[in-house]
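Student: I am new to this structure. Please take me through one part of it closely.

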Amino acid sequence: MQPRNMSMSGVVDLAAVKAAGEAKVKAEQARAQRQDPANADAHTASPLVIEVTEETFESDVLQRSAEVPVVISFWADQADASKQLNAVLERLTAEYRGRFVLATAEVYANQMLFQQFGVQGVPAVFAVLAGQAMPLFQGSAPEDQITEVLDQLIAVAEQRFGIVGPEVDADAAAQGAAPVAEAPPRPATPQELALSAAHDALDAGDLGGAIQAYRNVLSDEPGNAEAKLGLAQAELLDRVQGADQQAVREAAAASPSDVTAQLAAADLDLVGGHVEDAFSRLVDTVRRTAGDDRDAVRVRLLELFEVIGPDDPRVVAARTALIRVLF
């Protein structure tokens, strides 16, 4: 199986923006600790490749993922392809010089991890960022495609979570030497400060303030992916706040052609994690409507695509279905 584009959304997580903000704070704290001369002895470089177990998963993976992307490779001694992939990943880990950490997990010795990650077979490669797990790819893959996935992981870690692994000398890291000193953090730009203010408003439950703040960011930078995600999530939370779920679902079931009822039910579907149901409901509503009603449903569907992420397979499938009914 070829590596697929990584979706940062996975299942719907309406706390994703908050988690990203918390991760940025932890990452900054970790960098400050590494740069403090008083902590030079205490904060030596950890190995870049580790064998993780169920007992060490909390400390070696979850806690560490607040400072550096952690790539997890599930393997089995009987599967030669998984051992060959581990060899490639270990070499790439050294070449990336600490931009990510590789954790290998033998599936037969870690059945609980195997089940929790929903691994279908080995080799299987996942990543953990700020405590959030996501699939990268399953099966063997060409090295150029692996590096493409790793590059995307590192970019998302920095742009969305503020997580930047410290550059280290791979040989020195193997011996526990200190990481290469990082440059002092640059001052935040006005756009970054505005985005941080939007996140703070969302964290505080000020949905109206968050919506306006995200819109302000997008007015200056229309392509800002983080602001688009934040705005889509804030607007969704605002719409479902205080909704009577039973009444909404009864109204939608009673009136399949009622656009307002179907939009409200789709929002609840998405918040509840029923992503395909939400998309299918709106695609069917587009099929049954015309004119302004159809356009309103189409726009809402595109907004929900933003919440999940454009590369998610469920979004790709729903987008294809939408094109079919439109044309």
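Student: How many bridges join strand 4 to strand 5, and in which sense do the two strands run?

Tutor: Six bridges join strand 4 to strand 5, and the two run antiparallel. Strand 5 covers residues 132-138. Keep in mind that this is a predicted model.

Take the whole protein briefly. The protein has 14 helices and five strands. Of its 327 residues, 45% count as buried. Take contacts between residues at least 6 apart in sequence: 71% of them join residues at least 24 apart. The protein exposes about 16000 Å². Carbon and sulfur atoms supply 52% of that area.

Now the sheet. Its five strands form an open sheet, in the order 1-3-2-4-5. The pairing is mixed. Strand 1 (49-51) and strand 5 stand at the edges. Each has a single partner strand, so one side of each is left without a neighbour in the sheet. From one strand to the next, the twist averages 25°. As background, strands of a sheet pair through backbone hydrogen bonds, either parallel or antiparallel.

Strand 4 is the part to look at. Strand 4 spans residues 124-129. On one side, strand 4 pairs with strand 2 in the antiparallel sense, over five bridges. There, A124 of strand 4 is the bridge partner of F74. Strand 4 also pairs with strand 5, through the six bridges already named. In that pairing, M134 of strand 5 is the bridge partner of A127. F126 stands opposite P135 in strand 5.

Two helices pack on this sheet. Helix 3 touches strand 1, strand 2, strand 3, strand 4 and strand 5. The direction of helix 3 makes about 160° with that of strand 2. Helix 5 (residues 143-161) touches strand 2, strand 4 and strand 5. The direction of helix 5 makes about 165° with that of strand 5.

How covered is strand 4? Six of its six residues are buried. Both faces are covered. A124, F126 and V128 are buried on one side. V125, A127 and L129 are buried on the other.

Next, follow F126 and its ring. A search of the whole structure finds six aromatic pairs. One of them joins F74 and F126, and that pair is edge-to-face. The ring centres lie 5.8 Å apart, with 90° between the planes. This pair links distant parts of the chain. F74 sits in strand 2 (residues 70-75) and F126 in strand 4, 52 residues apart. Both F74 and F126 are buried. The rings also belong to a wider group: ring pairs link F57, F74, F117 and F126 into a cluster.

Now the two ends of strand 4. Ahead of strand 4 comes a loop that starts after helix 4 (111-116), and P123 lies in it. A cis peptide bond joins V122 and P123, with omega about 0°.

At the other end, strand 4 and strand 5 form a hairpin with two residues between them. A130 is in this turn. A130 has a positive phi of about 50°, although it is not a glycine. Is A130 buried, or partly exposed? A130 is partly exposed, because its relative accessible area is 21%, and buried would need under 20%.

A130 has a counterpart elsewhere in the chain. R97 lies in the loop between helix 3 (80-95) and strand 3 (101-106). Phi of R97 is near 50°, a positive value in a residue other than glycine. R97 is partly exposed, with a relative accessible area of 30%.

To put strand 4 back together: its six residues are buried. Five bridges tie strand 4 to strand 2, and six tie it to strand 5. F126 carries the ring that pairs with F74. P123 and its cis bond lie in the loop ahead of the strand, while A130 lies in the loop that leads on to strand 5.

Terms used
Residues numbered from 1 in each chain as written. Predicted model: local features only at pLDDT ≥ 70, side-chain atom pairs only at ≥ 80, totals over all residues. Heavy atoms only, no water. Phe/Tyr/Trp six-rings, centres within 6.5 Å; stacked < 30°, edge-to-face > 60°. Helix = DSSP H or I, 4+ residues; strand = E, 2+ residues; numbered from the N terminus. Buried < 20%, exposed > 50% of the residue type's maximum accessible area, 1.4 Å probe, protein only. Pairing = 2+ DSSP bridges. Contact = heavy atoms within 4.5 Å. Areas by Shrake-Rupley, 256 points an atom, 1.4 Å probe, with all protein chains shown as cover. Axes fitted to C-alpha atoms, helices over the stretch in contact; angles between N-to-C directions.
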